[in-house]
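Hi there,

Here is the structure I promised to pass on. Have a look at it first, and my notes on its empty spaces follow below.

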Amino acid sequence: MEFFEDWPRYVDVAINWSDRLLDGLWTTIQLTIYGGLLAFVVAAVLGLIAGSPRIWLRVPARIIIELFRGVSLVVLLFWLMFVLPQIWMRADGLPFEGLVYNTFLLGVMALGINYGAYGAEAVRASMTTVPQAQWEATTALSMSWPHKMRRVIFPQAWALMLPSLTNLWVHLLKGSAIAYIMPFVSDFTAELNQLRRPTDIWFSHAFIGLVVYFILALVITLFMQALETRAKNRLGRGPSLREILSPAPKPVTTGGAR
């Protein structure tokens, strides 16, 4: 096919660019991991506070969640890169001056805050789906709110929120591609844009980009599914990961019961 006539030459170009592509891929992986970890912390804190019975905690958490859910990732990124440093430029002696000029760190913060705000709703919604009897039991035992969250409610909500968090982490991976607009941050998409010049967009983005991002998303999905299986097993709601991966014959089930 004429469409693929130049692809052998493009493959040679890609091999010559492999060091740059791998460096960009490593930057994307770091953005995804660090951004995902920060997003989880933001989601857990805001989600737990938003589910608090105390209104003076719940209302500020709702305002923060709605604010950062409503702000686009690009706007938040530009605000962190160009507005935040203005504060340090106009006030001498403020701490952490070096951090506000670290564009990689600002990218991680933008990803973590933006997707963390979405994740907070997943955390809060998962806690509301915990059976009411569990909440009543913690009240009957006179557990404090932090105690009931840590020992009873959150472990059950954890298994419920994992599918939503998986989707958000995959979205964060794809959202990390916006980092190519940041100075001094050369992620995988930025390197693909450079590779497009000696090849073409079909080879660089529609082939290499598609395959690599798909593999990264698949790794995230499998990792989170393993966490979900483990969480459900610890609650007695499913087989362990070892049982699933075991080549031994599975016990015959009747009516969905093991």
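Please keep in mind that this is a predicted model. I began with the helices around the largest pocket: H2 (18-50), H6 (103-128), H8 (145-175) and H10 (201-234) each contribute at least two residues to its lining. The space inside this pocket comes to about 260 Å³. Its lining is made up of 15 residues, and those closest to the pocket centre are Gly-36, Phe-40, Leu-165, Trp-169 and Met-224. If you sort the lining of the largest pocket by class, you get 12 nonpolar residues, three polar ones and no charged ones.

Next, the enclosed space. How many cavities of 30 Å³ or more are there? The count is one, and the volume of the largest cavity is about 40 Å³.

To find the largest cavity on your screen, select the residues that line it: Leu-31, Leu-73, Leu-77, Gly-107, Ala-110, Leu-111, Ser-176, Ile-178, Ala-179 and Met-182. Which helix gives the most to this lining? That is H6, with three residues. Helix H4 (73-90) also belongs in the picture, as H4 and H6 each supply at least two residues of the cavity lining. H6 therefore deserves a second look from you, please: besides its part in the cavity, H6 provides at least two residues of the lining of the largest pocket.

As for the character of the cavity lining, eight of its residues are nonpolar and two are polar, with no charged residues.

Happy to talk it through whenever suits you.

Best wishes

Note on methods: Residues are numbered from 1 along each chain as its sequence is written. This is a predicted model: local features need pLDDT of at least 70, side-chain atom pairs count only at pLDDT 80 or more; totals for chains, interfaces and linings use all residues. Side-chain values use heavy atoms; hydrogens and water are left out. On a 1 Å grid over the protein atoms alone, a cavity is a set of points where a 1.4 Å probe fits but cannot get out, and a pocket is an open set with protein on both sides within 12 Å along at least five of seven lines; lining residues have an atom within 4 Å of a point. Grid points are joined across faces, edges and corners, and a volume is the space filled by probe spheres set on the points. Helices (H or I, at least four residues) and strands (E, at least two) are DSSP runs, numbered from the N terminus. Ala, Val, Leu, Ile, Met, Phe, Trp, Tyr, Cys and Pro count as nonpolar, Asp, Glu, Lys and Arg as charged, and the others, Gly among them, as polar.
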